[in-house]
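The following explanation is intended to be read beside the sequence and the three-dimensional view. It proceeds from the chain as a whole to individual side chains and backbone features.

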Amino acid sequence: VLPSPEEPVPSVTVTEIRQYLRAQGIPFHDGYSCLHTPSLFTDRRENQPLPASVVPYTLFIDKTTGSFLCTATLAEGTWQDFQATVELRHRGIPPASSEEPEEGMRQVREDARCIWDRALPLWELLDEDETKKTKAVFGISLVTKATLKRFGVRYLRTAKSLVFPWFSPRDATLKGLKLVRVEKKGNTIAYTEETLPRFDSYHNLFGLPLIGRGDTELVLTGWELDALAIHQATGVASLALPRGATCLPPALLPYLEQFKRITLWLGEDLRSWEAAKLFARKLSLKRCSLVRPGDLQPRPLEALNQGLNLTKILRAALPASHKSIVSFRQLREEVFGELVNSEQVAGIKWVRFPELNKLLKGHRRGELTVFTGPTGSGKTTFISEYALDLCMQGVCTLWGSFEINNIRLAKIMLTQFAGQRLEDQLELYDEWADRFEDLPLYFMTFHGQQNIKTVIDTMQHAVYMYDITHVVIDNLQFMMGHEHLSVDR
């Protein structure tokens with residue numbers, strides 16, 4: 001039966017998942033963030049049973065959401081899909097093999113393949129001089145030819161971009177690419193990134209095909225060039241997240257299950273430190289350590305360029321799981337970090353509202369801001385621009401618009417994003433819509449009065465799936481309805 005489109009996805013607890021697997025006689029291991037079971041999708045011939053001890057556990061079930069991924073066949077789906085597959089097996093119907101990618105994805109792969117074929121391996125440019133200049137522009141003069149070769153980094157002359165491949169972990173085919181370009185703005189250097197496929201379906205752990213089965217230690221970085229620097233300087237396995245410190249998609253967790261120890265070294269600012277703490281919870285605190293940003297602990301590429309000892313920095317990483325009681329001695333470095341980075345501690349500044357920065361200093365996680373005003377005074381118009389400003393700086397935002405529908409809200413935000421009336425220039429719509437689509441922005445589908453528990457469950461789900469750090473409720477009165485006005489809300 002198809003779920004009603006209005007209903008939220010039914011939630012499942014890890015206890016229910018375990019009970020179901022036991023009841024169905026499916027063996028499983030308890031992992032860090034997933035349960036591991038033998039795959040239902042690999043077509044082992046029934047007449048060649050493997051001994052139980054040899055059956056590879058290639059199917060991973062997320063303990064928080066129940067979604068599964070089989071790393072052998074790349075079949076994936078919800079907990080309801082998993083149960084349906086088990087039922088079909090009982091009836092002797094083999095599960096559908098993971099089908100060919102749909103037309104859109106096939107086109108993306110062909111585009112990626114064309115770019116990849118046009119790009120030159122970075123160590124094979126025309127002459128030594130061009131190679132030196134290109135490496136200097138990207139700040140990777142100290143990254144060796146062997147490292148670039150190992151990770152397969154290429155250079156696309158026409159776009160002046162480095163090209164990082166995304167190979168399928170199953171059969172090493174090219175699934176997509178990331179292009180990184182350098183732009184000079186005055187004295188500062190800014191890197192701009194573009195991915196094929198688009199960001200929301202770009203789930204590449206850069207460096208994954210190089211991981212050996214026996215690797216148990218990993219450094220997780222926020223950037224491909226940092227992964228190169230770490231591997232070159234320390235020899236430790238390193239991977240880069242697809243969107244840096246913005247989010248860790250749960251779809252990637254199965255690939256991180258084999259590691260007993262994960263060190264998160266995401267960047268050099270407080271935002272990447274906050275993100276590392278958040279990701280460590282997803283990955284299981286007991287196996288994670290964090291590299292605290294600081295003057296002597298910049299991001300890995302910068303550390304390599306400054307001649308710092310990266311192995312020493314990794315050894316000094318802090319365990320993510322703090323004990324329940326601490327002394328000031330343990331907090332001392334953190335307090336110093338807050339004093340040194342007082343601007344960053346104050347939060348993410350608004351670009352469009354300098355006056356607001358004077359009042360609120362910036363957007364900080366874990367704080368509640370209430371905006372009030374009479375009907376028609378412009379609350380929604382202001383809040384949509386206020387949220388858009390943060391969203392454009394990479395703050396993952398969830399909107400709950402209970403008063404106006406999502407289509408109207410998105411139209412307002414798109415107009416604010418483009419800074420012009422698009423109804424007069426419809427030919428520009430697709431260009432702006434494409435750019436708007438890449439923002440880490442999500443909308444709840446509720447409208448009018450709602451049950452508070454349902455709304456909170458939806459928020460929690462969004463925080464886990466998309467690493468939301470900013471939630472907007474517009475507005476409280478519409479969400480609560482009018483009969484609750486006497487209750488202490």
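The paragraphs below treat overall form, charged pairs, two selected side chains and the backbone in turn.

The model shown here is a predicted one. Its chain contains 17 helices and 18 strands. How does the radius of gyration of the chain agree with that of a compact globule? For 489 residues, a compact globule would have a radius of gyration near 23 Å, and the chain, at 24 Å, agrees with this value. The C-alpha trace extends about 65 × 65 × 60 Å along its principal axes. Of the 489 residues, 43% count as buried. Contacts also reach far along the sequence: of those between residues at least 6 apart, 64% join residues at least 24 apart. The area exposed by the chain is about 27100 Å², of which carbon and sulfur atoms supply 54%.

Charge is the next topic. The chain carries 57 positive and 59 negative side chains, and the centres of these two sets lie 7 Å apart. Side chains of opposite charge can pair when their charged atoms come close. In this structure there are 21 salt bridges, and three of the pairs are described here in some detail.

The first example lies within a helix. Asp117 and Arg113 form a salt bridge with an N to O distance of 3.6 Å. Both residues belong to helix α3, which covers residues 103–118, and they are four residues apart, or about one turn of the helix. Asp117 counts as exposed because its relative accessibility is 51%, and a residue is called exposed when this value is over 50%. Arg113, with 36% relative accessibility, is therefore counted as partly exposed.

A second pair is found in helix α15. Here Arg435 forms a salt bridge with Glu431, and the closest N and O atoms are 4.0 Å apart. Since Arg435 and Glu431 are four residues apart in helix α15, about one helical turn separates them. The two partners are both partly exposed: Arg435 has a relative accessible area of 43%, and Glu431 has a relative accessibility of 44%. Elsewhere, salt bridges that share partners connect Arg198, Asp434, Glu437 and Asp438 in one network.

Within that network, the side chains of Arg198 and Asp438 meet in a salt bridge with an N to O distance of 3.1 Å. Which parts of the chain does this pair link? Arg198 lies in the loop between β10 (188–196) and β11 (217–221), while Asp438 lies in the loop between α15 (429–437) and β17 (441–443). The pair thus links distant parts of the chain, 240 residues apart. Arg198 is partly exposed, with a relative accessible area of 26%, and Asp438 is likewise partly exposed, at 28% relative accessibility.

Attention now turns to a cysteine and a histidine. Cys34 is located in strand β2, residues 34–37. Is Cys34 buried or exposed? Its relative accessibility is 2%, so Cys34 counts as buried, the limit for that class being under 20%. Apart from neighbours within four places in sequence, Cys34 is in contact with His29, Phe60, Ile61, Asp62, Lys63, Leu253, Pro254 and Glu257. The C-alpha atoms of Cys34 and Glu274, which are 240 residues apart along the chain, are separated by 23 Å.

His363 occupies the loop between α12 (354–360) and α13 (379–391). With a relative accessible area of 11%, His363 is buried. When residues up to four places away in sequence are not counted, His363 touches Gly347, Ile348, Trp350, Leu390, Val395, Thr469 and His470.

Finally, several features concern the backbone. Leu196 and Pro197 are joined by a cis peptide bond, with omega about -5 degrees. Pro197 is found in the loop between β10 and β11, and Arg198 of the salt-bridge network is located in that loop as well.

Which residues other than glycine have a positive phi? One of them is Lys160, whose phi is near 50 degrees. Lys160 is placed in the loop between β7 (154–156) and β8 (161–167), and at 59% relative accessibility Lys160 counts as exposed. Another is Ser284, which has a positive phi of about 90 degrees. Ser284 lies in the loop between α7 (270–283) and β14 (288–290). In contrast to exposed Lys160, Ser284 is buried, with a relative accessible area of 11%.

How values were computed. Residues are numbered from 1 along each chain as its sequence is written. This is a predicted model: local features need pLDDT of at least 70, side-chain atom pairs count only at pLDDT 80 or more; totals for chains, interfaces and linings use all residues. Side-chain values use heavy atoms; hydrogens and water are left out. Helices (H or I, at least four residues) and strands (E, at least two) are DSSP runs, numbered from the N terminus. The radius of gyration is taken over C-alpha atoms; the globule rule is 2.2 Å times the number of residues to the power 0.38. Buried means under 20% relative accessible area, exposed over 50%, partly exposed in between (1.4 Å probe, protein chains only). Contact means heavy atoms within 4.5 Å. Accessible areas come from the Shrake-Rupley method with a 1.4 Å probe; for residues, only the protein chains shown count as cover. Lys and Arg count as positive and Asp and Glu as negative; His and the chain ends are not counted. The place of a charge is taken as NZ of Lys, CZ of Arg, CG of Asp or CD of Glu.
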